[in-house]
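I sat down with this one and a coffee to see how the chain is put together. Here are my notes, in the order I looked things up.

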Amino acid sequence: THCRGGSPRHKILICDIQGVGDYYTDPQILSSDGAGFGLGNAGVEGVIKFMKTHQCNEICKHIGLTPSAQTIPHLQQLAASRRPP
């Protein structure tokens with residue numbers, strides 16, 4: 001999973017997709033503001049944790065997704081800007 005595609009300005013990340021064959025179930029949606037999408041939405045902090053463990057593969061490269069290592073610094077800046085002083 002990467003922060004790209006279908007999400008204007010990288011506001012959501014869909015992860016934890018499970019399923020069999022072409023039938024996918026139980027996705028978790030993480031939003032940049034942590035609002036909506038159920039109790040599992042850990043906001044930008046959840047996205048950072050996910051991206052730190054993601055390892056890009058041939059599918060990621062083939063469809064031109066931005067590598068996690070390039071995305072994490074932006075996410076950390078976003079998280080820091082939202083923390084109370």
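I began with contacts (heavy atoms within 4.5 Å). Among those in the protein chain between residues at least 6 apart in sequence, I found that 38% join residues at least 24 apart.

A note to self on the source: this is a predicted model, where local features need pLDDT of at least 70, side-chain atom pairs count only at pLDDT 80 or more, and totals for chains, interfaces and linings use all residues. Residues are numbered from 1 along each chain as its sequence is written, and side-chain values use heavy atoms, with hydrogens and water left out.

Next I checked pLDDT, the predictor's confidence in each residue, from 0 to 100. The protein chain has a mean of 81, and 88% of its residues reach 70 or more. Residues 1-6 stay under 50, and the model gives them 25 contacts beyond four places in sequence.

Then I listed the elements, which are DSSP runs numbered from the N terminus: helices are H or I with at least four residues, strands are E with at least two. I have three helices and four strands, in the order β-β-β-β-α-α-α from the N terminus on.

Which residues of helix 1 are buried (under 20% relative accessible area, 1.4 Å probe, protein chains only)? In helix 1, residues 43-53, they are Gly43, Val44, Gly46, Val47, Ile48 and Met51. These buried residues pack against strand 1 (12-15), strand 4 (28-31) and helix 3 (68-82).

Last, I looked at the whole chain: of its 85 residues, 29% count as buried.

Key
Buried < 20%, exposed > 50% of the residue type's maximum accessible area, 1.4 Å probe, protein only.
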